[in-house]
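This report is written for a reader meeting the structure for the first time. It goes through sheets, helices, pockets and a few points of backbone geometry.

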Amino acid sequence: MKREYFISINGQSQGPYSYEELGQFVILPNTLIWHKDLRNWTEAAFLKELEPYINKVSHTTPNGFNYNNGFSVSYAHDNQHIIVTTPTERIHYRYADFGERLAARILDGLIIIIPSIFIPFIAGWLYCAIMQSGDEQATVGQRTMGICLLDMQTAKVSFGQATGRFFASILSAFFFFFGYWMFFWMDKKQTLHDNLASTIVVREVGRERIG
């Protein structure tokens, strides 16, 4: 009989999962794991069979945090989830799905349709660039769908980066919207304009205090 694992997420036990199913989670060295052969919940770092799943990927952000002083960015093996760890909290994201992004795009199109009649391109550019580089990191349509735009280090994008992404989205529309269809095979669910601007679109799915 195959071993069944339980994993602690946001302080809650979830499972059982097979060994292969653990690949859908971001497992950090201090993630608590339990199976029937363990007396107590045990940190993943102490379970040799989980070494392939333990994620140690980290990046430095413009804010100056890095893995050594408490900031890390970890990507799940299922290419669906991200965990951002700061000195005070752990934030869980998943990549926005195509339906969420499409609905946000339609809502934003309805919002800027009239201004775009009078100032084509400029209205859409300023709308996207200002809002996506602002505190909310999202347009009205994106906020409505519960998604936001981040750079590859999960930091807030700059106005210039959001500007580049907006104009790159024009390229995505060429050749029967080929740049948009790239979403379905890119590891981080990026379209062509996401890839060119080094951005990702995510939904926050959990947040927990640490320390």
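## The five-stranded sheet

In this predicted model, five strands make up an open sheet, and their order across it is E5-E6-E7-E9-E8. The pairing in this sheet is antiparallel. Strand E5, residues 72–75, and strand E8, residues 148–151, are the edge strands. Each of these two has a single partner strand, so one side of E5 and one side of E8 are left without a neighbour in the sheet. From one strand to the next, the twist averages 40°.

At the E5 edge, the partner is strand E6, which covers residues 81–85. The two strands run antiparallel and are joined by four bridges. One residue pair can be located on the model: serine 74 has isoleucine 83, in E6, as its bridge partner.

## The four-stranded sheet

A further open sheet contains four strands, in the order E2-E1-E3-E4, again with antiparallel pairing. Its edges are strand E2 (12–17) and strand E4 (42–43). Because E2 and E4 each have a single partner strand, one side of each is left without a neighbour in the sheet.

E1 and E2 pair over four bridges in the antiparallel sense. Isoleucine 9 has its bridge partner in E2, namely glutamine 12. Strand E2 also holds proline 16. The peptide bond leading from glycine 15 to proline 16 is cis, and its omega is near 10°.

## Helix crossings

How do the axes of H1 and H2 cross? They come within 8 Å of each other, and the crossing angle is roughly 135°. That angle makes H1 oblique to H2, since angles over 145 degrees would be needed to count as roughly antiparallel. The crossing of H1 and H2 is right-handed.

H2 also crosses H4. The axes of H2 and H4 come within 8 Å, at an angle of roughly 140°. H2 is therefore oblique to H4. H2 passes H4 in a right-handed crossing.

Glutamine 137 is located in the loop between H2 and helix H3, the latter spanning residues 140–144. The phi angle of glutamine 137 is near 60°, a positive value in a residue other than glycine.

## The largest pocket

The volume of the largest pocket is about 780 Å³. Its lining consists of 30 residues, and those closest to the pocket centre are Arg105, Cys128, Ser169, Tyr180 and His193.

Which helices each supply at least two residues of this lining? They are H1 (98–118), H2 (122–132), H4 (159–172) and H5 (174–181). H1 gives the largest share, with nine residues. Sorted by class, the lining of the largest pocket has 17 nonpolar residues, nine polar ones and four charged ones.

## The second largest pocket

The second largest pocket holds about 430 Å³ of space. It is lined by 21 residues, of which Ile9, Asn10, Val26, Ile83 and His92 are the closest to its centre. Two of these residues have appeared above in bridge pairs: isoleucine 83 as the partner of serine 74, and isoleucine 9 as the partner of glutamine 12.

The elements that give two or more residues to the lining of the second largest pocket are strand E1 (5–9), E6, strand E7 (89–95) and strand E9 (199–209). Of these, E1 belongs to the four-stranded sheet, whereas E6, E7 and E9 belong to the five-stranded sheet. By class, the lining of the second largest pocket comprises 10 nonpolar, nine polar and two charged residues.

How values were computed:
Residues are numbered from 1 along each chain as its sequence is written. This is a predicted model: local features need pLDDT of at least 70, side-chain atom pairs count only at pLDDT 80 or more; totals for chains, interfaces and linings use all residues. Side-chain values use heavy atoms; hydrogens and water are left out. Two strands pair if DSSP finds at least two bridges between them. Axes are lines fitted to C-alpha atoms, for helices over the stretch in contact, and angles run from 0 to 180 degrees between N-to-C directions. On a 1 Å grid over the protein atoms alone, a cavity is a set of points where a 1.4 Å probe fits but cannot get out, and a pocket is an open set with protein on both sides within 12 Å along at least five of seven lines; lining residues have an atom within 4 Å of a point. Grid points are joined across faces, edges and corners, and a volume is the space filled by probe spheres set on the points. Ala, Val, Leu, Ile, Met, Phe, Trp, Tyr, Cys and Pro count as nonpolar, Asp, Glu, Lys and Arg as charged, and the others, Gly among them, as polar. Angles under 35 degrees count as roughly parallel, over 145 as roughly antiparallel, 65 to 115 as roughly perpendicular and the rest as oblique. A crossing is left-handed if the near helix is turned anticlockwise from the far one by less than a right angle, and right-handed if clockwise.
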